[in-house]
Every structure is written in C-alpha cells, then in structure tokens.
Amino acid sequence: MRSIRYIFLVLALMLTAASCNPFATSTIVGIIKTENGGTDWQFRNTVEGENAGNLNDLRFSSIRFAPDNSEVLYAGSYDGGLFQSATSGNSWKRILSRIGVYDIAINTFNPAELFVGGFFADHGKVLTSKDGGKSWVEIYNEESTGNAVRAIALNPTNPQNMIIGLSSGAVNASTDSGITWKSLLTFNDKINQIVWTT
C-alpha cells in the first residue's frame, strides 16, 4: 500500500488581520500543503519565472498530480489561469493565462497531454496541450453566454473519450479528443464535478 506523502488544499481562508478594528479581516487565498499528515500546514504560493510573485490574491478551483510523477502538479485558478509545479508545490509557474480554469484532466497514458475546462470572454471553453503546457489549442467553445465548462473527465482506459459539465447543467461528450461533441443530457443545476472510473 502506498503511503501518503503530501496533502494539498486549495482554499480561501478568512483570517483576522492585525488591526485596531476587531471586525477587520483579510482574505488569504492560494495553496496550502502538509507533509506530515495534517499536523502542520504551510502556504505554497511562490510564483517563479517571468510572472514572478505569489498566488495570494488568486482563487483556486482544482489541483491535480501528474500520473507519472508526484513532484509535478497543476493548479487551476478561476481568475489566474493554470499553474504548474515541478517541485511538489514549493514553487509554481504560470503555463496558461487569461482563461478562468474550473477543472483539469490529464491523460494517464501521456501525461504531457493536458485538458482544462473553464471560462473566457463570457463563454465556456475546453483547451488542450500536448506538450505539458507549452502550447494550447481550443477544442470546445460553448455557444451560449455565461455558461462555463465547470467539470471535465477523461475515460481512464481510453482518454480520447471525454465528458464535460457546464454551468447550465448540460453534459456533453466527445469520443475523438474533442474534435466533435454531442449532448448527453441536461440537469436542472450546474455540474460541479465528474469522476470517471473503471
């Protein structure tokens, strides 16, 4: 049985600020990590590279480990795009900007192939990268406005098959890695998560 090495949380914590006003608060958001099963936690919000800084002012939606390397992980932000860490979250670099990222999927057979579902220019989008985030291609654009792609899942045994869920409750599917899409069904509420298991 594999032991748990790290646990990550994506969060927005409300902490009381040091202020004369007893009702003053400051919002700390970002990524927090434990290496000892939850006894101690540390923020891991350092961004390196050309967009150096931190993640403190961003709201995060999802976090995923690369299936072949637990040191590599991806974090999606509603307002900051997609970030990658090759150091177990100790530092990050932005690999996709502008789009608000709601969910991330990774091809287990080819971990360099990434998919993100999100929202940009008032439309739901799905983008894919085949080179670990160096370049991106749009494979889905929702026609209706205000309708984000909130969830995305790949078939674990055949990653060409994928399902996405939208804010409207629509569930759409592709059997050819996003070249074509069809509607599966529609619920009366937004789709928050899709889990596809064998």
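## Burial and the overall fold

A residue is called buried when its relative accessible area is under 20%, exposed when that area is over 50%, and partly exposed in between. Lys33, at 1% relative accessibility, therefore counts as buried, and the same cut-offs are applied to the other residues described in this report.

The structure is a predicted model, and in it the protein has 17 strands and 0 helices. Of the 198 residues in the protein, buried residues make up 45%. Among contacts between residues at least 6 apart in sequence, 36% join residues that are at least 24 apart.

## The nonpolar cores

In soluble globular proteins, nonpolar side chains tend to be buried together. The largest nonpolar core in this model holds 14 residues, and those touching the most other members are Tyr74, Leu82, Leu96, Ile104, Val116 and Trp136. At least two residues of this core come from each of strand E7 (69-77), strand E9 (93-96), strand E10 (100-106) and strand E11 (114-120), while the largest share, 3 residues, comes from E10.

The surroundings of Ile104 can be followed residue by residue: leaving aside neighbours within four places in sequence, Ile104 is in contact with Ser62, Arg64, Tyr74, Ala75, Gly76, Leu82, Phe115, Val116 and Ile152. Apart from the largest core lies another core, of 12 residues, which includes Ala105, Val126, Val149 and Ala170.

## Salt bridges

A search of the whole structure finds 5 salt bridges, and three pairs are described here. In one of them, Lys33 is joined to Glu35, with the closest N and O atoms 3.3 Å apart. The two partners sit in contrasting surroundings, since Lys33 is buried at 1% relative accessibility, whereas Glu35, with a relative accessible area of 46%, is partly exposed.

Another salt bridge brings together the side chains of Glu113 and Lys130, at 2.8 Å from N to O. Because Glu113 lies in the loop between E10 and E11, and Lys130 in the loop between strand E12 (123-129) and strand E13 (137-145), this pair ties together parts that are 17 residues apart in sequence. Glu113 counts as buried at 8% relative accessibility, but Lys130 is exposed, with a relative accessible area of 56%. The side chains of Lys125 and Glu138 also meet in a salt bridge, at 3.2 Å from N to O, and this pair links distant parts of the chain, with Lys125 in strand E12 and Glu138 in strand E13, 13 residues apart. Here Lys125 is buried, with a relative accessible area of 10%, and Glu138 is partly exposed at 44% relative accessibility.

## The largest pocket

The largest pocket has a volume of about 430 Å³. Its lining is made up of 19 residues, and Arg64, Ile106, Ala153, Leu154 and Trp196 are the ones that lie nearest its centre. Strand E6 (60-66), E10 and strand E14 (149-155) each supply at least two residues of this lining, and E10 is also the strand that gives the largest share of the largest nonpolar core.

Sorted by class, the lining of the largest pocket has 13 nonpolar, 4 polar and 2 charged residues. Arg64 belongs to the residues nearest the centre of the pocket, and Arg64 is also among the residues in contact with Ile104, which is itself one of the core members that touch the most others.

Notes
Residues are numbered from 1 along each chain as its sequence is written. This is a predicted model: local features need pLDDT of at least 70, side-chain atom pairs count only at pLDDT 80 or more; totals for chains, interfaces and linings use all residues. Side-chain values use heavy atoms; hydrogens and water are left out. A nonpolar core is a set of buried Ala, Val, Leu, Ile, Met, Phe, Trp, Tyr and Cys residues joined through side-chain atoms within 4.5 Å. Buried means under 20% relative accessible area, exposed over 50%, partly exposed in between (1.4 Å probe, protein chains only). Helices (H or I, at least four residues) and strands (E, at least two) are DSSP runs, numbered from the N terminus. Contact means heavy atoms within 4.5 Å. A salt bridge is a side-chain nitrogen of Lys or Arg within 4 Å of a carboxyl oxygen of Asp or Glu. On a 1 Å grid over the protein atoms alone, a cavity is a set of points where a 1.4 Å probe fits but cannot get out, and a pocket is an open set with protein on both sides within 12 Å along at least five of seven lines; lining residues have an atom within 4 Å of a point. Grid points are joined across faces, edges and corners, and a volume is the space filled by probe spheres set on the points. Ala, Val, Leu, Ile, Met, Phe, Trp, Tyr, Cys and Pro count as nonpolar, Asp, Glu, Lys and Arg as charged, and the others, Gly among them, as polar.
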